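Me: I should like to learn how to read the features of a protein model, step by step. Would you please guide me through this one?

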Amino acid sequence: RLPLIAGRGRAAGRTWGRARVDAMGGGASSKKAWQRGFHLTSNVEDDVGDSYVQVYPVWTIAITRNQRQLASATSDNRINLWCLVTQQLLIPLVGHADTIWKLSYSPDDLLLASASSDGTVRLWEVGTGMPVMTLPRNHANWVLSLAWSPDGRRFATGGSDARILIWDAAEAVEAAARVADVVAQAQEAGDYEQAFFEELAAEEQARADQAKRPLVYWQAHEKSIHDLCFAPSESKQLVSVGAEGTIAVWDAESGMLDCRLMGHIGAVNCCAVSPSNEELLATGGEDHTVRLWDLGDVDPGSNAAKTSREKAIGLNLAHFTLKGHEGGVAAVRFCGDGRLLASASKDCEVRIWLPNLQSPSLLAKFGAHEAWVRDLHWSSDQKSIYTAATDGMIYSWEVPKKWHASPWQLEKALKGPSRYKAADQH
């Protein structure tokens with residue numbers, strides 16, 4: 001039995017032995033398997049404590065860059081904020097009226113964005129859990145995907161209306177703060193100044209309303225957009241994947257299509273761009289496969305890219321297909337230095353891949369949950385992976401020391417990629 005909320009139960013620290021760890025091309029030689037650490041859950045136990053009488057499936061999770069907080073979205077339409085230091089629930093966030101499909105922290109760890117089937121996108125203050133704002137409904141239906149730009153000023157959303165919207169989060173939050181300041185000043189002002197402050201408040205409110213509107217939007221796919229991701233060091237490069245089976249690379253500032261690719265059989269569920277090579281793209285699909293793409297093969301000015309833009313189904317670009325999962329792949333994530341790629345699936349397993357473009361191989365695999373694994377994230381120091389599933393459980397997994405982030409890499413990850421951009425160019 002696993003105890004409620006958090007901690008180390010009888011099953012904690014369980015090792016998935018070497019029999020459960022496969023290798024392709026001799027990729028796995030480490031004797032130390034991946035071990036389960038603590039767990040978090042909002043499931044409700046029975047009176048005896050032997051089983052759960054209420055299970056709340058976890059649809060998505062997110063982790064702050066500083067590794068102190070984890071957010072989870074559960075089937076009761078709540079967002080739970082967890083402290084990863086004490087492994088205790090901090091506060092539940094209530095406001096969405098339907099399923100919350102995506103959570104994402106801003107790169108500076110100050111804001112949490114949530115996207116929901118209720119058609120709204122909400123911003124929350126990470127430090128207090130207080131709602132910052134609800135952005136106006138601009139998607140026609142469900143909002144399924146969300147991604148922050150690496151500079152943290154903007155984020156993109158995608159929905160079942162097959163559109164991508166780009167929002168200026170920084171300006172919207174700053175404009176709302178200006179309105180609050182003026183309103184506070186108006187309340188303290190005397191009768192003589194009241195009219196001036198009321199007029200100023202109206203002007204600031206008009207600017208704030210404008211700032212909450214999308215900067216740009218476009219029809220991106222034929223069916224629902226299942227996932228979005230920015231290149232970790234390039235705010236202009238945005239990747240989207242759709243239920244119709246295509247992968248698209250966009251200029252996020254203009255909405256112009258760079259290229260469209262195909263290869264998966266059926267819906268593409270998730271995508272990730274490598275932090276160490278922004279031309280390396282990983283995708284996961286309903287066809288049980290993880291696929292690796294080299295975007296260098298479709299430079300925006302090339303004939304291949306032009307052909308891909310002209311075809312509605314995209315270009316069937318040569319790529320690597322990583323097989324092994326026995327269910328649809330729900331999430332793919334590169335670790336911070338790009339050396340490893342993790343995938344999570346409906347088959348209840350997590351697989352760890354060596355994602356090089358010469359000869360990608362399987363490093364490890366382990367049964368992670370007793371139900372469909374919905375999401376996973378690496379910690380910034382690469383010492384842990386967190387997984388979440390429809391069994392209502394969130395597990396931490398200990399990563400072998402060989403794959404931990406170097407001190408320099410960790411410093412870079414904690415500061416954020418945008419601050420190193422200028423240095424990287426010299």
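Reply: The following discussion treats sheets, backbone angles and nonpolar cores in turn. Please keep in mind that this is a predicted model.

Me: What is the strand order in the open sheet that contains β5, and which pairing does it have?

Reply: In general, the strands of a sheet pair through backbone hydrogen bonds, and they may run parallel or antiparallel. Here, 4 strands follow one another as β5-β6-β7-β8, with antiparallel pairing. The edges are formed by β5 (58-63) and β8 (88-93); each has a single partner strand, so one side of each has no neighbour in the sheet. On average, neighbouring strands are turned by 25° against each other, direction ignored.

Me: How many bridges join β7 and β8?

Reply: Strand β7 (residues 79-83) pairs with β8 over 5 bridges, in the antiparallel sense. To follow one of these pairings, begin at asparagine 80, whose bridge partner in β8 is proline 92.

Me: Which strands lie at the edges of the open sheet β21-β22-β23-β24?

Reply: That sheet has 4 strands with antiparallel pairing. Its edge strands are β21 (268-273) and β24 (320-322), each of which pairs on one side only. The twist from one strand to the next averages 20°. Between β21 and β22 (residues 280-285) there are 5 bridges, and cysteine 271 has threonine 283 in β22 as its bridge partner.

Me: Which sign does phi have at glutamine 382, and where does this residue lie?

Reply: Most residues other than glycine have a negative phi. Glutamine 382, although not a glycine, has a positive phi of about 60°. Its place is the loop between β29 (373-378) and β30 (384-389). Glutamine 382 counts as buried because its relative accessibility is 0%. Cysteine 348 also has a positive phi, near 75°, and is found in the loop between β26 (341-345) and β27 (349-354).

Me: Which residues of the largest nonpolar core touch the most other members?

Reply: In soluble globular proteins, nonpolar side chains tend to be buried together. The largest nonpolar core has 22 residues, of which Trp34, Leu340, Ile352, Leu363, Trp378 and Ile385 touch the most other members. At least two residues of this core come from each of β26, β27, β28 (361-367), β29 and β31 (393-398). Another core, of 18 residues, lies apart from it and includes Leu261, Trp293, Leu295 and Ala305.

Me: What is leucine 340 in contact with, leaving aside neighbours within four places in sequence?

Reply: With those neighbours left aside, the contacts of leucine 340 include Trp34, Phe334, Ile352, Leu363, Trp378 and Trp403. Arg333 is also among them.

Terms used: Residues are numbered from 1 along each chain as its sequence is written. This is a predicted model: local features need pLDDT of at least 70, side-chain atom pairs count only at pLDDT 80 or more; totals for chains, interfaces and linings use all residues. Side-chain values use heavy atoms; hydrogens and water are left out. Two strands pair if DSSP finds at least two bridges between them. Axes are lines fitted to C-alpha atoms, for helices over the stretch in contact, and angles run from 0 to 180 degrees between N-to-C directions. Buried means under 20% relative accessible area, exposed over 50%, partly exposed in between (1.4 Å probe, protein chains only). A nonpolar core is a set of buried Ala, Val, Leu, Ile, Met, Phe, Trp, Tyr and Cys residues joined through side-chain atoms within 4.5 Å. Contact means heavy atoms within 4.5 Å.
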